[in-house]
Amino acid sequence: MIDGFDKNKKYYGEVWLAEKENEKHFCVMSFNDDEVWLETNLHSERRSYKEPQILGLLTGLGYITFIDCRIQHSSSGITETRIYRVKYTFVSDRHLIDTKTLKIKEFYVVNDIIAKWVNHTIWYDHTEDKLHKKVFKDEYQIENTNLKITISHYQNISTKRQTGLNISNRGAIKFELEEPVSILVAIEFYNHFQKVLQLIFGRSEKFRKFSFKCLGCGEDKDLYYNDTQLTKSTSTFVHTEYSKVKPSLLPIFVAAYCNEAFKFCLDKLMENFIGRHPSHNKRFINSISAYEAYYKNFSKEGKNQLFKRIKENKDIFMKIGDFTDNVWKEFPNKIVRARDYHIHSNLDNRNIYSEFELLYISFLFDYVIAYLLLSKLDNIEDSLLEKFIEQGKNTFVGLQRTNVILGSKVL
């Protein structure tokens with residue numbers, strides 16, 4: 001894949017099972033809602049809901065290894081056909097990839113969200129006859145894990161036949177390890193990066209290309225899977241620019257990859273941004289769970305009552321929530337009643353938050369947790385912490401007030 005799969009295109013070739021290499025079957029590979037679908041009459045004799053591995057050779061791609069191929073549709077008649085939904089697709093131009101023994105030490109991911117984070121527009125200066133662009137490679141050495149992360153920004157240039165030249169910004173993240181790891185561990189490294197990105201930039205996107213260096217031949221090979229972690233997130237924390245938060249990135253990366261308590265709390269916090277929740281109280285429950293994870297790992301008092309741990313962080317709740325003294329006096333106990341109502345089914349609890357209010361209470365806790373987590377790290381810029389206060393207040397106070405007006409029932 002030169003620049004990732006063309007998801008609007010179909011690919012043709014032959015596929016076979018590893019134990020029956022001489023029995024090759026025609027196939028068509030296409031995409032259905034970002035999932036790889038494989039249509040062929042290849043099937044094993046045993047009845048099964050999936051094929052663990054299918055091998056192939058496709059025109060325009062090369063050698064393909066399909067892993068975890070679930071049967072979406074089957075039909076029988078003169079010939080039997082199958083449509084498989086593939087979880088992992090490995091692409092190589094020279095040889096098949098043995099996924100059972102596959103280990104890698106170096107891989108990179110091209111993701112357009114990096115270019116949006118860098119926030120630099122390419123433009124041509126007619127006066128100077130010069131193209132203004134931004135190209136860099138910034139390295140972050142995380143010594144405790146022998147991991148190096150390189151964030152790069154570059155330009156992708158393509159021709160449009162004889163009529164034009166397309167220049168676009170690209171961003172990539174490269175991971176280099178001293179010891180080889182499995183492909184699933186490599187994906188986890190990338191997922192950790194996405195969570196950091198969600199924390200300090202507010203969003204992520206599906207990758208354009210995921211490549212790794214083969215330890216056998218030394219050449220780059222490609223992997224595709226439907227990345228659903230954080231890529232459909234519509235909620236955001238703060239909106240930052242890469243150059244302004246760069247001084248804070250190394251301590252955040254070190255915490256995200258080396259500090260188990262920070263990593264656990266970040267995972268809990270991200271549950272509100274992965275997928276969609278059926279109700280606002282479910283989101284609220286996740287936020288409370290993340291806050292409990294924070295104070296059990298970072299509070300000086302440790303495991304204690306929730307309302308005391310809310311009071312312990314009064315300053316940041318007051319800054320983001322903009323509470324009056326009377327509202328704050330009731331706030332911790334009201335949160336506990338809401339928690340007990342929704343988690344412990346204490347249906348006798350009265351004077352609790354409505355479903356609408358729980359959504360914004362959940363946002364408030366998410367901003368507070370993010371602020372507190374980052375404030376525990378060394379060498380974090382104050383300007384980044386202030387971003388969470390500013391954006392949190394805009395969401396909890398400003399956006400909530402606007403939606404109250406828009407949602408009011410005139411009748």
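Mentor: A salt bridge is a side-chain nitrogen of Lys or Arg within 4 Å of a carboxyl oxygen of Asp or Glu. The model discussed here is predicted.

Trainee: How many salt bridges does the structure hold?

Mentor: Side chains of opposite charge can pair when their charged atoms come close. Candidates for such pairing are present, as the protein chain has 59 positive and 54 negative side chains. The number of salt bridges in the structure is 24.

Trainee: How far apart do the centres of the positive and negative sets lie in the protein chain?

Mentor: The positive set holds 59 side chains and the negative set 54. The distance between the two centres is 3 Å.

Trainee: How many helices and strands does the protein chain contain, and what box do its C-alpha atoms fill?

Mentor: The protein chain contains 10 helices and 14 strands. Taken along the principal axes, the box filled by the C-alpha atoms is roughly 75 × 65 × 50 Å.

Trainee: What percentage of the contacts between residues at least 6 apart in sequence join residues at least 24 apart?

Mentor: A contact requires heavy atoms within 4.5 Å. Among contacts in the protein chain between residues at least 6 apart, the share that joins residues at least 24 apart is 63%.

Trainee: What percentage of the residues in the protein chain is buried?

Mentor: A residue counts as buried when its relative accessible area is under 20%. The protein chain has 411 residues, and the buried share is 48%.

Trainee: Which parts of the chain does the salt bridge between Lys195 and Asp267 tie together?

Mentor: The side chains of Lys195 and Asp267 meet at 2.7 Å, N to O. Because Lys195 and Asp267 lie in two helices, the pair ties together parts that are 72 residues apart in sequence. Those parts are helix α2 (residues 183-200), with Lys195, and helix α4 (residues 260-270), with Asp267.

Trainee: Which of these two partners is buried, Lys195 or Asp267?

Mentor: Buried means under 20% relative accessible area. Asp267 has 25%, so Asp267 counts as partly exposed. With a relative accessible area of 8%, the buried partner is Lys195.

Trainee: In the salt bridge between Glu139 and Lys148, which residue is exposed?

Mentor: The side chains of Glu139 and Lys148 meet at 3.7 Å, N to O. Lys148 is buried, with a relative accessible area of 19%. At 54%, the exposed residue is Glu139.

Trainee: Is Asp68, which meets Arg70 in a salt bridge, buried or exposed?

Mentor: The side chains of Asp68 and Arg70 meet at 3.9 Å, N to O. Arg70 is partly exposed, with a relative accessible area of 31%. Asp68 has a relative accessible area of 13%, and is therefore buried.

Trainee: Which residues are linked with Asp93 in a network of salt bridges?

Mentor: Here a network of salt bridges takes in both Asp and Glu side chains together with Arg and Lys. The residues linked with Asp93 are Arg94, Glu219 and Lys221.

Trainee: Which side chain of opposite charge is nearest to Lys334, which has no salt bridge?

Mentor: Lys334 lies in helix α8 (residues 325-343) and is buried. Leaving aside neighbours within four places in sequence, Lys334 is in contact with Asn351, Ile352 and Tyr353. A salt bridge needs the atoms to be within 4 Å. At 5.1 Å, the nearest side chain of opposite charge is Glu357.

Trainee: Where is Asn379, a residue with a positive phi?

Mentor: Most residues other than glycine have a negative phi. The phi of Asn379 is near 65 degrees, and Asn379 is exposed, with a relative accessible area of 64%. The place of Asn379 is the loop between α9 (355-375) and α10.

Trainee: What is the phi of Asp129?

Mentor: Asp129 is found in the loop between β8 (123-125) and β9 (130-132). At 56% relative accessibility, Asp129 counts as exposed. The phi of Asp129 is positive, near 50 degrees.

Trainee: Which residues form a negative surface patch?

Mentor: One member of the patch, Glu390, lies in helix α10 (residues 382-406). The residues that form the patch are Glu381, Asp382, Glu386 and Glu390.

Trainee: What is the area of the nonpolar surface patch that includes Leu165?

Mentor: Leu165 is in strand β12 (residues 164-181) and counts as exposed at 53% relative accessibility. Tyr124, Leu131, Ile157 and Ile167 make the patch together with Leu165. The area of this nonpolar patch is about 450 Å².

Conventions. Residues are numbered from 1 along each chain as its sequence is written. This is a predicted model: local features need pLDDT of at least 70, side-chain atom pairs count only at pLDDT 80 or more; totals for chains, interfaces and linings use all residues. Side-chain values use heavy atoms; hydrogens and water are left out. Helices (H or I, at least four residues) and strands (E, at least two) are DSSP runs, numbered from the N terminus. Buried means under 20% relative accessible area, exposed over 50%, partly exposed in between (1.4 Å probe, protein chains only). Lys and Arg count as positive and Asp and Glu as negative; His and the chain ends are not counted. The place of a charge is taken as NZ of Lys, CZ of Arg, CG of Asp or CD of Glu. Patches are made of residues with over 30% relative accessible area and no salt bridge: like charges are joined within 9 Å, nonpolar side chains (Val, Leu, Ile, Met, Phe, Trp, Tyr) within 5 Å. Accessible areas come from the Shrake-Rupley method with a 1.4 Å probe; for residues, only the protein chains shown count as cover.
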